[in-house]
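Let's take a friendly walk through this model, strand by strand, and then stop at a ligand and a loop. Keep the structure viewer open as you read.

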Amino acid sequence: MLRDKIRKTDTLIPLNEIYESIQGEGLLVGTPSVFIRLQGCNLRCPWCDQPEALSFKGNLVKLSDIKKELEKLTARHAVITGGEPFAHKELPKLVELLLEENFSVQIETNGTLWVEGMERFAKDIHITCSPKGVARYYVNPNILKYAKELKFVVDEELTPEILLRKEFLPFLEEKRVVLQPESNRKDMMEKALKLQRELLKKGFIVRVIPQIHKCFDLK
Ligand code: SF4
C-alpha cells in the first residue's frame, strides 16, 4: 500500500508551468483557477498562443513536487491544459492527485486523443473539447462521450456546416457549445455573432465568449 503511494507520487509529469489566474474561456469562465500546463502537443494550430508548450522536450517534475506547489496556491479549481493533456499517459495519475486534494478538475483538450485509465474519472471532471481545423475537426469517440462542452475557436476555417456535424448535434441540443473569437480579433467577434445568428435560426443557442482573462491583462 505504502509502496503504491510512493510509486504514485514519484510519477514524472511533463510540466511547462503552474500558475493561478481566472478561467478566461468556455462555460466555466470567471472561475478562480490553478492552471497546470503540460508540455507537448500533437497539433500545430497557426494561431496557437502557447508555442513554448508545443515541443515534447521539457521539464519532468515529480507528482509530489506538483502537490507541494499546489499547497502554496489558493484556488481550488484546477485546469489541466497544454500543450495537449491527453498526449500524456501520466494524465490519470495527475487527475487522481487533484481529486484526492479536493480540487474540482477541468481538462482542456484538442479532442484528438484519449488515455486509457481516464474512464474512471471522466464523469467527475469537466472536459472542455476544442476541435481544431488542423485536425479537420476530428474528435475522438471517448472525448465525444465524456466532454461537458465544445469550445470552437472562431477563425477563418470555421463554418456553420462544421458546427452542424452529426457528432456535434447532442452538444448543440443541450446548449453546450461555445464560440470563442480567435485572439479576441474584432473581425472574428463579428463572425462569431454571425454564426450564432445562423445557428439560432436553426433552433440552436450557442454562447459567444471572448477570452475574458485578456480583458484583465491576466495570463
Ligand atoms: S491544440 Fe492547442 S496547444 Fe496544440 S497547437 Fe493547437 S492551440 Fe496550440
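Leu 150 of strand E7 has Val 177 as its bridge partner in E8. This is a predicted model, so please read every contact below in that light. Strand E8 covers residues 177–181, and it runs parallel to E7, with five bridges joining the two. Leu 150 also has a partner in E6, since Cys 129 is bridged to Leu 150 in E7. E6, made of residues 126–129, pairs with E7 in the parallel sense too, over two bridges.

Following Cys 129 further, you reach Thr 109, which stands opposite Cys 129 in E6. Strand E5 (residues 104–109) and E6 run parallel and are joined by four bridges. Here are the strand pairs side by side:

| Strand pair | Sense | Bridges |
|---|---|---|
| E5 (residues 104–109) and E6 | parallel | four |
| E6 (residues 126–129) and E7 | parallel | two |
| E7 and E8 (residues 177–181) | parallel | five |

How well covered is strand E7? Six of the six residues in E7 (149–154) are buried, so the strand counts as mostly covered. In a regular strand, side chains alternate between the two faces of the sheet. In E7, Glu 149, Lys 151 and Val 153 lie on one side, with Leu 150, Phe 152 and Val 154 on the other, and both faces are covered. The charged names in that list, Glu 149 and Lys 151, are buried along with the rest. E6 tells a similar story: His 126 and Thr 128 point one way, Ile 127 and Cys 129 point the other way, and all are buried.

Now to the ligand. Its surroundings include Cys 41, Cys 45 and Cys 48, together with Leu 43, Arg 44, Gln 50 and Leu 54. Gly 82, Gly 83, Glu 84, Asn 110 and Lys 132 also belong to this shell. By class, the shell divides into five nonpolar, four polar and three charged residues.

Finally, where does Ile 209 sit? Its place is in the loop between strand E9 (207–208) and helix H9 (212–215). Ile 209 counts as partly exposed because it has 17 C-beta neighbours inside 10 Å, while 20 or more would make a residue buried. Beyond its neighbours within four places in sequence, Ile 209 is in contact with Glu 25, Gly 26, Val 29, Val 178 and Gln 180. Gly 26 is 183 residues away along the chain, yet the C-alpha atoms of Ile 209 and Gly 26 are separated by 6.8 Å.

Terms used
Residues are numbered from 1 along each chain as its sequence is written. This is a predicted model: local features need pLDDT of at least 70, side-chain atom pairs count only at pLDDT 80 or more; totals for chains, interfaces and linings use all residues. A residue is buried if 20 or more other C-beta atoms lie within 10 Å of its own, exposed if 12 or fewer, and partly exposed in between; C-beta atoms are placed from the backbone. Two strands pair if DSSP finds at least two bridges between them. A residue is near a molecule or strand if its C-beta atom, placed from the backbone, lies within 6 Å of it. Ala, Val, Leu, Ile, Met, Phe, Trp, Tyr, Cys and Pro count as nonpolar, Asp, Glu, Lys and Arg as charged, and the others, Gly among them, as polar. Two residues are in contact if their C-beta atoms, placed from the backbone, lie within 7 Å.
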